[in-house]
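Please open the model in your viewer, with a selection box at hand, and follow the stops below in order. Each stop says what to select next and what to look for there.

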Amino acid sequence: MEFEIETGQRGSQICIYNSHRYRHIRNNKKGSVSWRCINKECSAAILIDSNKFVIEKGQHDHEPHQNLEQQCIRGMKRRAEQETTAIPKVYEQESIKFFMQTGGILPVFNSVRSSLYRCRNSSLPVIPHNLTEFDIPDDWKKDNLGGDFLQINVGTDARLLGFVSQCGLERLAEAKHWNADGTFYTAPRLFSQAYTIHSLTGKLWVGT
Ligand SMILES: [Zn+2]
């Protein structure tokens, strides 16, 4: 079986053999080269002799790196579909987890970016072009417990939407102080302002 040598990040050499990745250990006196699995907890190693013949030493106690990489990217796509966590955040969290588990580096964000956004868009409603076709699917009117979340939905040309759970409303009603702030910067397209109201409940700020 053929092996491939590639240059990893920071200029280190990586040898790919049988879908596993190895880091360079040393060049031996008689022209052979020693490599060790990039997973630091795995003791598998290979020796490539001066005739480019590969001698395997020990067994990997994990799946091949490339399979793990594909598995990790599939996991990211699933998260992109099922969660609302920002896509760059999903990538960042999963690549840290991948590095901790395998010692490997995932393909750069830009190479998976569009497929992750495609997954995200497949689970989101179509972005409306004007307020008359702005329709909120029933699922998005409910909170995580299935209670009403869209409490205010008035106007056509000037539309006002208010989202708060029943529990959030009760906490606002009980609170002595509210902190309220509006931002134009993060308002969704077609809307001018996103306005939030927070109240302090115990040690927690509850948002509305
Ligand atoms: Zn290994």
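Begin by selecting the zinc ion together with C37, C42, H60 and H62, whose atoms SG, SG, ND1 and NE2, respectively, coordinate the ion at 2.1 to 2.3 Å; donors here are N, O and S atoms within 2.8 Å of the metal (3.2 Å for Na, K and Ca), and since water is not among the atoms, sites may look incomplete. The model is a predicted one, in which local features need pLDDT of at least 70 and side-chain atom pairs count only at pLDDT 80 or more, while totals for chains, interfaces and linings use all residues. Residues are numbered from 1 along each chain as its sequence is written, and side-chain values use heavy atoms, with hydrogens and water left out.

Which arrangement do the four donor atoms around the zinc ion make? The arrangement is tetrahedral because the angles that these atoms subtend run from 102 to 116°, and four donors count as tetrahedral if all angles lie between 85 and 135 degrees. For reference, the ideal angle for four tetrahedral donors is 109.5 degrees.

Along the sequence, the donor residues of the zinc ion follow the spacing C-x4-C-x17-H-x1-H. Within this set, C42 and H60 link distant parts of the chain, being 18 residues apart: C42 sits in the loop between β4 (33–37) and β5 (45–48), and H60 in the loop between β6 (54–57) and α1 (65–82). Helices (H or I, at least four residues) and strands (E, at least two) are DSSP runs, numbered from the N terminus. Both C42 and H60 are buried, where buried means under 20% relative accessible area, exposed over 50%, and partly exposed in between (1.4 Å probe, protein chains only).

**The helices**

Next, select α1 and helix α2 (residues 87–102), whose axes come within 10 Å and cross at roughly 150°. Axes are lines fitted to C-alpha atoms, for helices over the stretch in contact, and angles run from 0 to 180 degrees between N-to-C directions. The two helices α1 and α2 are therefore roughly antiparallel to each other, given that angles over 145 degrees count as roughly antiparallel, under 35 as roughly parallel, 65 to 115 as roughly perpendicular and the rest as oblique. The crossing of α1 and α2 is right-handed, a term that applies if the near helix is turned clockwise from the far one by less than a right angle. To see the contact, which means heavy atoms within 4.5 Å, show side chains for H65, L68, E69, C72, M76, R79 and A80 in α1, which meet I87, V90, Y91, Q93, E94, F98 and T102 in α2.

Keep α1 and add helix α3 (residues 109–122); the axes of α1 and α3 come within 7 Å and cross at roughly 35°. On the α1 side this contact is made by I73, M76, K77, R79, A80 and E81, and on the α3 side by V112, S115, L116, C119, R120 and S122.

Now hide α1 and look at α2 against α3, which pack at an angle of about 125° with their axes 10 Å apart, and which are therefore oblique to each other. Here I87, P88 and Y91 of α2 make the contact with F109, V112, L116, Y117 and R120 of α3.

**Two backbone stops**

Most residues other than glycine have a negative phi. Select N18, which is not a glycine and yet has a positive phi of about 55°; N18 lies in the loop between β2 (13–17) and β3 (20–27) and is partly exposed, with a relative accessible area of 38%. Then move to K52, in the loop between β5 and β6, where phi is positive at about 65° although K52 is not a glycine. Is K52 buried or exposed? At 60% relative accessibility, K52 counts as exposed.

**The start of the chain**

Finish with M1, in the segment before β1, which is exposed at a relative accessible area of 66%. Leaving aside its neighbours within four places in sequence, M1 is in contact with Y17 and N18. From there select I5 in strand β1 (residues 3–7), which, with neighbours within four places in sequence again left aside, contacts Q13, I14, C15 and W35.

Definitions and conventions: Tetrahedral: all angles 85-135°; square planar, octahedral: opposite > 155°, others 65-115°.
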